[in-house]
Structure formats: C-alpha cells, structure tokens
Amino acid sequence: MTSLDDRQRIFTALGRHWNPTAATMLAAAGRAVESHASGSHVYAEDGTAALDLAASYGVFLVGHGNPRVATAVTEALRQAPANPPGAVHPATVTLFRALVEILPAGLDRFVLGCSGAEICETALRAVRLARPDRHRIVVADGSYHGKTLAALSLLGQGNHRTPFEPLGDHLVVVPYGDAAAVRAALADGSGAAVFLEPVLGGAHLTVPPPGYVRAVAEACAATDTLFVADEIQTGFGRTGRMFAVEHDGVRPDVMLLSKALTGGFVPIGVCALSSAVVDDAARHPHWHPSLLTSGAAVTGVAVAAAAATIEEVRDRDLPARAAELGPRLTAGLAEAVRRHPKHLRGAPGIGLMTGLRTANPAVELMVSIGMGQRGVHTGHSLNEQIAEPVLRMYPPLTCTADEIDQALAALEETLTWLDRQPRAMTRAATALLRRQYRLPPRLLLRMNKSPIRMDWQAA
Amino acid sequence: MTTNSHLGARDAADLDDVAVVRRHLLGAPGPEAPVIRRQVGARIAAADGSTWLDAASAGFGPGHPTVTDRLVAQAGRTALSSRILVSRPLAEAVAALHQLCPDPLTVSYLCNSGAEALDSALKLAKGTHPRRRLVVGFAGADHGTLLHGLSLTHGVPLLPDQPLRPVAVPRDRPDELVARVRDDVTAVVVAPAAPGRRLADLSPDWWRRLRTACDRTGALLVLDERLTGPARLGVDLAATRLPVTPDALVLGETLGADAVPVGCLVTSRATYDRVYARRNPSLHGSTFGANPLSAAAVAAVLAACADDRLADRQREVETLARSRLAPLVGAGAVTDVGADGALVWVRLAEPTAARALVAELARDRVLVRPPDGDVVAVLPPLTATPADVAELLDRVAAAGGRLTTTGPDAGREVRA
C-alpha cells in the first residue's frame, strides 16, 4: 500500500520534473502507483488488479512479463546487454533469420531504430532518396506515424501538427478506405510514396473494405510510387494474420515494425526494405551510408527480446489465436452497440484489434472510467478534439476467452449506467473536455476531490 | 540454457552469423566483426574465443552489478507500461536528472534514444518559433541518426522541404556560427566536445557571445551532451564547465547502461511551458518513452556515477591517455591526440592513415568506431577497469606507433 505522503512525493517529482499537465491529470484521476504486471493483468501498489485491454495500444501482444521473453531479456542483461558498433550481437542474427522467414518476400534489408517514429523517419529518408524527383508523400486522414519532427511532417492528424506548422508542403492527405482517392493523388506521378496503415489505428480505428490495401499497392505499382506499410500497430498477429497486409496478399516496398516486437520489454523499431529501394536510394547523388543507418541506442537486450518474441508468436501461433478469439470480442462489442446505441456508433475490429466508436470524447472517457472502476483498462485516445473517438481494446493475444467475457460483462454494466446519462450531458462534458487545459489545474484537482497537493505550478 | 538462448554455444560457424548480419543490415560491420558472447565493462568475450576491448560504445558499460541487478529486478516487475497507472521509477529518474543538471534545467522528457532527445529539443524550438525554418550547428558534427540531426551533420537538407533546414558552419569558424544566429533561427545545436575537438577549443568568451546571440534572437541554445554526459569529461556534465547555461540539454545512451534504449531532453520549466503548457500532454510523446525499465536505468546509472565516483575515474583515464598517447605525436602518422576525461581521440596525417589505424586496432582486438575523416575516437565505457583502460591505451599506442607517415600531408601538425 502506498502512503499518501509517498504518493505526494511521486506526484511532486512528476509535476515538477517530468510533465506538469500529465501529472495533474493523473492526480485528478486518482490513479494508483503501478506495481507489476503479469499475463493479462496489471497490478497497483494498493493491491488492485486490472485486466489490461489497453496494452499500450498493442505493445503487450504476448502478455505482460511473457516468460520466454523475460528469460531472454534477463540472460542478455546478465551476459551481453550492449550492441557495440562494429560487433555482432548473436540475437541480431536470430532476429534477422526470423524476420526473413515471416516477412513478405523481398523485404530483407533492415535498419534498426528505437521507436516507431525513428523508423518512420528512416523510411521517409529512404523513399525520398529512392525517388528524388518526386515531391509528394500520400497519407490517410487520421493516420499516425510518430511525433518526431520529421515524422510529424507525415502525420494525418492535424491537431498534433498545428502548433508546429509549417512543416513542409509535401503531404497529400486522402480519406482512409478510398482507393480512388489514392489513385487520383498518384495520377500525376509526383508521389514518392504512400505511407499506409493496413488497418487505420489510433482513435480513428477503421478496418478498410476488403481489397483496399491491394488497390493502394496496385496504384503505387502502376505509377512507380513506393508503398510503405506501417505495421507498427498491426504486426505480429494482432489482426489475425502475421501482418495485416496478408489479408490482401500485398508485398510492400517498405514495412515498419515496432510496438509488439519486443513483447513489452524494450523499445525497438525495424524498417524493412526491399533491395530495390535500397539500390535506388544508393544512386542518389547525395547518398551516404549514414543516411540509412541504424540508431546507436539499439541494444543487445532489445534484439534478444525481439527474437524471443517472434519465437513466441510463431511457436504459439498467436496470429491464429487472434483470428480465433477475435470474433468473440468483436461480436461482443457489436452486440453491446446494438443493445446500447444511445452513446455508441460502432465496433470496428479485426482479430484482436478492436474498439468502440463513441458518440463523442466525453463518452469515450466515461466508458474508459467505468471500465476502470470494474477492473478493466482500455485504450483511451487522450484525443478530445475528434468527433467520434474509438476507445481501443487490444488485449494480449495470449488472453483467454474467460477474460474476454469478463471484459464484455464489465462493458455491459458500464453501458447500462451510461444509458441513464442524457446525450446533452455528454455533449456539454465534451465541450468542457475540449477546454480542460485552459482550466486552472488546481481546480481540476479540487473538482475530483484529489488528496494530492498541487505543488508543481510554474513560478 | 533456454531454447531461445542467443548467447550459448552455437553449432553454426560464427562467420555465418556475421554474414547473416552483413546480408541484411544496412551499415553492417565488417566481415571480421566479433560475435559477442559476454560483456563486462570494456571487455568483450567473442564467440570464437578471442577477447576484445571496447572503445566504440562510448557508454556506461555492461555488467555493473548494482545497475544490472536493478534492471533485472525492474524487468521482472514491469518493463514497458501502458502508463495508465503512476510510475514510481519515472519519478525517481526525473528527480535524479534534476539533481544532475544545473538550474534552471528542471524538466526532463524521457524518450528512446539520444537521437530522439535531440529531435525533441528541435521540436521544442520549432514549437517556440513555428515560422522560423533554420537550425544552426557545426558541419560534420555528430548529432544522431534522425533527419534533422543528420542534416546538420551533412550540412544539407535531406528533404527539400523538411521542417527545419540546417545552417552548418565549418568547425574551424566558430565566430561565424555566432554571427549566423539571427531572427530566422529556431535553435543552435552544439556539442561541448567531440572526437577531434577539445572542450577548451570553444572559449568561455565564445560561449558567452553565443548565449547573448541566442538571448537576443530567442533561438534555443541546445547542448548536445549525448557523448559527454554524464561523467565522461571527468565532471558530471560538460555544462557545468561552461560559463553559460543552455536552454536545452540532451543526454543519450549512457543513461541506459548500454542495455536499455533511452534518451533525455532536459529544459527549463519556462522553456517547456512556452510550447507545452496548457495543452494536451499527448502533443509530444511516444509509445515507449518514459517506460519503467528505462527510468530505472537512468536512476541506477546516475546513482552509480555518484557512488562509484565515475567522473573522477574518467579524469584518471585522461591522465593515462595523455601519458601513453602523447609520445605518438609527430613520431609517425599521428599528428595530435586529445583527452578530455575519457573522450580520447587520435588525429592522423590523413584519412587513409585513420582507416589504417582502425584496421590495426581490429587486428589487436580493439573495437573502435569508423574514423571521422582523419580522427579516430577512443571511447572506453565509463565503468572500464583501470587495468582494461591501460591495456586499451597500450594497444592504441602500439598500433599508432606502427603506422608510418604516408602522403603529402603526413606528419603535419594539425593544431595551431
């Protein structure tokens, strides 16, 4: 159990020395201190446990603390944690052999990074080097490719870009799921690449119509535009296939992998490229090997965790498990929408990449809070600006049918309570949410009856 | 031995392993690269039975017992996190960073690499001055592997319309850099010292003039301490040796004990608030950033730096490096050596000689980074034992001594 003084010390440190706004929000929400996590559950120091359907938007694909990955991580930490320049870590060999076996044919050149954003930047450099005379990058409305400064210039989410604009004039944003819009954007031959999530993630979670990804790939091929598949959320079985592009039988020119790849232990990202892209890039007049080199921070622990995670995914055939268990969750969510249509708009999902499309951000928050009160963590978008955010549910692929049923039961209770709330109230609450950062932070804590003393205001 | 072990004895020949990496990894090491079996400090036991000394990682060093135990324990509890709950390791890490950094640098943003941390500083600068499109630095300086850092290094924009365009000033014209800080500049990025450039090369007066130029224009002064901090220069941070305080300080891989990817941007509350106050905290961040395992690494590394007096140890490395390497200067192909703490480097008469030295060192089982032009960096881990450092420097001295002068400029004393 964490004492109030102890909690106060933690919040004071976070508020003064990390992120004052986030600390205020965590304090206002009365969040407990994290203790440990195992399997499908996260435990707090106050003894409470929660079924984790947030899973860090897909990171915990093989569950928390997966024993196989934990063993590999511990072994690497004890024996060979680093990955010095000029040396070869043996886990890198294992990882590359596995990647070559599972990736679509032809994607066999790798650049490693420490996050999805880093390798999105790698891909951006690669496609611009490989197509030097082409100016435009096509992305989908609502798409997410990271928040580093160059990755930001690819973002299809305007609210994250606005405070930093101008960021360049190369971006063409098309509606997601509309292949004709992609064909039109590429028609004049000015596109260097299309960056596409095979299933649109984030608060915009959308499963495209069958054949959409194939149509995009064909439009790219017809115009010699490079097709970059961002599988950062979808990779390694989340959608019921090892990679989401497999649903349409597509082979991209570049594929981006991250989130789930180390089983929830260590940051990593992999940019997988075809040799043709690498060869084209190397013909650029300003080519230098450092332009497509791996990050210095990629460690031996990270590659060991990644290699073990892929082994776990393959040995347990977790893509098949997602395909088998997914309908139980998506059907349950669809039934919840049918029974409680007042505040819900839909239940997008494929495999175990699922969510509830809510009527407005206040509904998303209220469902998230209600689920939390019933011991289930969900993937709240923290995005109060969009109209109908999706509350995401990305359980570990190692979860059980009983755990899915437990989550659906908690959802039924939450939605039954929510049905008693008027629509007008959720709209008013949404208006307040959209202004929450303008409210005095101390007021937020008082409104939520937080016992935490806010001692991190700016001087 | 577990079935998924990557470190045990292998049936396949090691050369095959290297070939796999060379086939698939862009920028892969050479065919003679050692395959790692075990690492402690500077010592690498290779799969072929050879032992190498690491002067390439430039980090904290693997195998520190306290740090390793902390990381193993944290990995056993929670490594990454959904961050729905409150993180005790993160609170500990940011409090430790506050203790490390000079006031008013009190706010830390933890991310996944030094390169990301540097990028975060530039994003902060872009958010401070959205309409400005330039960032200034020294040409050829290493500022990481993301687009804007690479653009500064190469001195050209890598994309025709990237968010910030580089203005890269030649390294030997620091006054030009100060003069270029005008109202169109978002940020100036400078590393306090680097292989081939001493801390003392940029004078206190120069730093003061740079600070004044940044204050006058509002450009952020970003100090890139990915290599120099903590402890490497024989002090906690190079920033403590400068007469000015930067607006943003960037730390990198050393904080992760070479085991956990991490980077950190430290800035003042006022600078942070100009962009991020009263805005959704998800405006900047990453899935992995500020995770409990990386926070535990930061806290453990900073505690070890203090407990083991690692800055003092780097001053001993400096003394040893000067005594062992100084005799090389002028006697053959070596024209200069530098040692700021454990930031040690050797300048050769020409780039071919630098490449030759790297090859000689590889034959002597010393791992160094590829040369930067005519400079070879010798960067042992902070936790390398004195005996390993002495052996490492002896091997560098021996290899340097074997090189003979070649080419028209050979033997030239480069320093004025």
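**Exercise 1.** In this predicted model, work out which residues of helix 1 of chain A meet helix 3 of chain B, and what kinds of residue they are.

*Solution.* Start on the chain A side: helix 1 brings A:I10, A:A13, A:L14 and A:H17 to the contact. Now flip over to chain B, where helix 3 answers with B:R88, B:L90, B:A91, B:V94, B:A95, B:L97 and B:H98. Sort that set by type and you get 8 nonpolar, 2 polar and 1 charged.

**Exercise 2.** Describe how helix 1 of chain A and helix 3 of chain B are placed relative to each other.

*Solution.* A quick reminder of what to look for: two packed helices are described by the angle between their axes and the distance between the axes. Here, helix 1 of chain A spans residues 4-17 and helix 3 of chain B spans residues 88-100. Their axes come within 9 Å and cross at roughly 55°. The two helices are therefore oblique to each other. Last step, the hand: this crossing is left-handed.

**Exercise 3.** Stay inside chain A and do the same for helix 1 and helix 2.

*Solution.* Helix 2 of chain A covers residues 20-28, and its axis comes within 6 Å of that of helix 1, with a crossing of roughly 150°. Angles over 145 degrees count as roughly antiparallel, so that's the label for helix 1 and helix 2 of chain A. Helix 1 passes helix 2 in a left-handed crossing. Who does the touching? From helix 1, A:F11, A:L14 and A:G15; from helix 2, A:P20, A:A23, A:T24 and A:A27. By type, that contact splits into 5 nonpolar, 2 polar and no charged residues.

Conventions
Residues are numbered from 1 along each chain as its sequence is written. Chains are lettered from A and ligands numbered from 1 in the order in which they are written. This is a predicted model: local features need pLDDT of at least 70, side-chain atom pairs count only at pLDDT 80 or more; totals for chains, interfaces and linings use all residues. Axes are lines fitted to C-alpha atoms, for helices over the stretch in contact, and angles run from 0 to 180 degrees between N-to-C directions. Helices (H or I, at least four residues) and strands (E, at least two) are DSSP runs, numbered from the N terminus. Angles under 35 degrees count as roughly parallel, over 145 as roughly antiparallel, 65 to 115 as roughly perpendicular and the rest as oblique. A crossing is left-handed if the near helix is turned anticlockwise from the far one by less than a right angle, and right-handed if clockwise. Two residues are in contact if their C-beta atoms, placed from the backbone, lie within 7 Å. Ala, Val, Leu, Ile, Met, Phe, Trp, Tyr, Cys and Pro count as nonpolar, Asp, Glu, Lys and Arg as charged, and the others, Gly among them, as polar.
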